[in-house]
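Please open the model in a viewer and keep the selection panel at hand. The tour below proceeds by selection, and each stop states what is to be found there.

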Amino acid sequence: MALFKLENVEDLYEIGDLLGSGHFGQVREVRERATGILWAGKFLKLRKNASSRLGLERKSVEREVEILQALQHHNIMALRDVFESRAEVVLIVELISGGELFDFIAEKENLSENEAIEFIKQILQGVGFMHSKHIAHFDLKPENIMLSDKHVEHPHIKIIDFGLAQCLTPGEEYRSLCGTPQYIAPEVINYEPLSISADMWSIGVITYIMLSGMSPFQGDTDEETLRNIVGMNYEFEDLYFSQTSDMAKDFIQKLLLKDPNERMTAEECLLHPWIKPLTRKQAANRSRSSINMKNFKKFNAKRKWKMSYNMVWACNRLCRLQLLCKTSATQDQELRKCESDQEDTETKPASLIRRRLSSNS
Ligand code: AMP
């Protein structure tokens, strides 16, 4: 079990600017007083009592901490320290200052498949390491794939947010309805036993988007998106995939498979000829192909807009609540909800979508 220090975090770290917000708290830049080194502090609000719906149960914070401790890998955010007070746990983690991978790509004029593969390879290496420890992330999506520094020649991928991650015990079934609609696998929606393969599905979706700027299952509503997923309703439209190599499509097809056991593992992905070409012809094919940058930029702008729209929507809701109910405790809790990392859909995270859709395939 991780040691949760009882000292006041502010005695050891100076708390700085806000870096981002999650479902249960904020992430801030912090400066270690003794060394001057910059870190990120993830401030997680704890649930006050069993009947409260706000904040996190201590045991789920313990789970996140234990998982991060087990995952020491150069493509995974590193944990340094943990502090606990009555209401909050603070994780001191490595500061990742290069922003999101998708924002970095969107700033470029063009990107070849070769360059995209360098990023996907690093995601696979991080996820492969995680899976070798029987840990599934269960929330792989563009917001959780960051770069340690975007100003270097070969930026380094860092996977973040292990809030939904689980260490899967062989022989024990694990089911969950959590995740983010666009990226979740059909078995999540169908409330079936989950495995590390659910992450491989999400990597298929992320790759599809990265190459085309289209989201394979996106519907007009979350419900439609979920129906498209369980119905395996996706295709490679020529309009968006004209610059994409056949090997890239083959790679995606071998991940977007309904049967989790049929999907490639991270190890197998790293050996797929799109990632590791075996012949000169294969290598030449992928260097001639490029990502659909015009459409990708559109996708990313819309994604960012929806994230800020959700934030404004939540803040407006907070203002209404404040007018209705003026207790400071409620204000405090709602403020935290307001700062949650609402996803790139206009509705709630999938954890709130407790409908079970029947498969129509
Ligand atoms: P999380 O709750 O872990 O999803 O974090 C919420 C947001 O905070 C993320 O979307 C990032 O923008 C930011 N963030 C999280 N961890 C870090 C980190 N280690 N360094 C810099 N920013 C971070």
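The stops run from the whole chain to the ligand and then to individual residues.

**The whole chain**

Begin by selecting everything and colouring by pLDDT, since this is a predicted model. The average pLDDT of the chain is 86, and 85% of the residues score at least 70. Next, select residues 317-361, over which pLDDT stays under 50. For this segment the model has 68 contacts beyond four places in sequence.

Switch to a cartoon representation, in which 13 helices and nine strands can be traced. The chain comprises 361 residues, of which 39% count as buried. Among contacts with a separation of 6 or more, 67% join residues 24 or more positions apart.

**The ligand and its shell**

Select the ligand and display the 16 residues around it. Which of them come nearest to the ligand? They are Gly20, Gly22, Val27, Ile96 and Asp161. Sorted by class, the shell consists of eight nonpolar, three polar and five charged residues.

Now colour the strands β1 (13-22) and β3 (38-45), each of which supplies at least two residues of the shell. The greatest contribution is that of β1, with four residues. Then colour domain 1 (15-94) and domain 2 (101-297) separately. Where does the ligand lie with respect to these two domains? Both domains give residues to the shell, so the ligand lies between them.

**Lysine 42**

Select lysine 42, which is located in strand β3. An unreviewed UniProt entry carries the annotation "binding site" for Lys42. Is lysine 42 buried or exposed? Lysine 42 counts as buried because it has 28 C-beta neighbours inside 10 Å. Residues up to four places away in sequence aside, lysine 42 touches Gly25, Val27, Val90, Leu91 and Val93. One of these, Val27, is also listed among the residues that come nearest to the ligand.

**Two positive phi angles**

Proceed to histidine 134, in the loop between α4 (113-132) and β6 (135-136). Its phi is positive, at about 65 degrees, although histidine 134 is not a glycine. This residue counts as partly exposed because it has 14 C-beta neighbours inside 10 Å.

Select tyrosine 191 next, in the loop between α5 (186-189) and α6 (197-212). Here too phi is positive, at about 55 degrees, in a residue that is not a glycine. With 13 C-beta neighbours inside 10 Å, tyrosine 191 likewise counts as partly exposed.

**The loop between α7 and α8**

Display the loop between α7 (222-230) and α8 (238-241) and select tyrosine 234 within it. This tyrosine has 19 C-beta neighbours inside 10 Å and therefore counts as partly exposed. Measure from tyrosine 234 to serine 215: the two are 19 residues apart in sequence, and their C-alpha atoms are 9.2 Å apart. Beyond four places in sequence, tyrosine 234 is in contact with Pro216, Phe217, Asn228 and Leu256.

Phenylalanine 236 is found in the loop between α7 and α8 as well. It counts as partly exposed, with 19 C-beta neighbours inside 10 Å. The C-alpha atoms of phenylalanine 236 and proline 216, which are 20 residues apart in sequence, lie 8.3 Å apart in space. Neighbours within four places aside, phenylalanine 236 is in contact with Phe241 and Lys249.

**Isoleucine 291 and lysine 297**

Move to the loop between α11 (280-288) and α12, and select isoleucine 291. This residue is buried, as 23 other C-beta atoms lie within 10 Å. What does isoleucine 291 contact, leaving aside its neighbours within four places in sequence? The contacts are Leu111, Glu113, Ala116, Met210, Leu211 and Phe296. Glycine 213 is 78 residues away in sequence from isoleucine 291, yet the C-alpha atoms of the pair are 8.2 Å apart.

End with lysine 297, in helix α12 (residues 293-324). Lysine 297 counts as partly exposed because it has 15 C-beta neighbours inside 10 Å. Add aspartate 103 to the selection: it stands 194 residues from lysine 297 along the chain, and 8.8 Å separates their C-alpha atoms.

Technical notes
Residues numbered from 1 in each chain as written. Predicted model: local features only at pLDDT ≥ 70, side-chain atom pairs only at ≥ 80, totals over all residues. Near = placed C-beta within 6 Å. Nonpolar A, V, L, I, M, F, W, Y, C, P; charged D, E, K, R; others polar. Domains from an automatic or database assignment. pLDDT = per-residue confidence, 0-100. Contact = placed C-beta atoms within 7 Å. UniProt positions renumbered as here; feature names shortened; annotations may be inferred. Buried ≥ 20, exposed ≤ 12 C-beta atoms within 10 Å, placed from the backbone.
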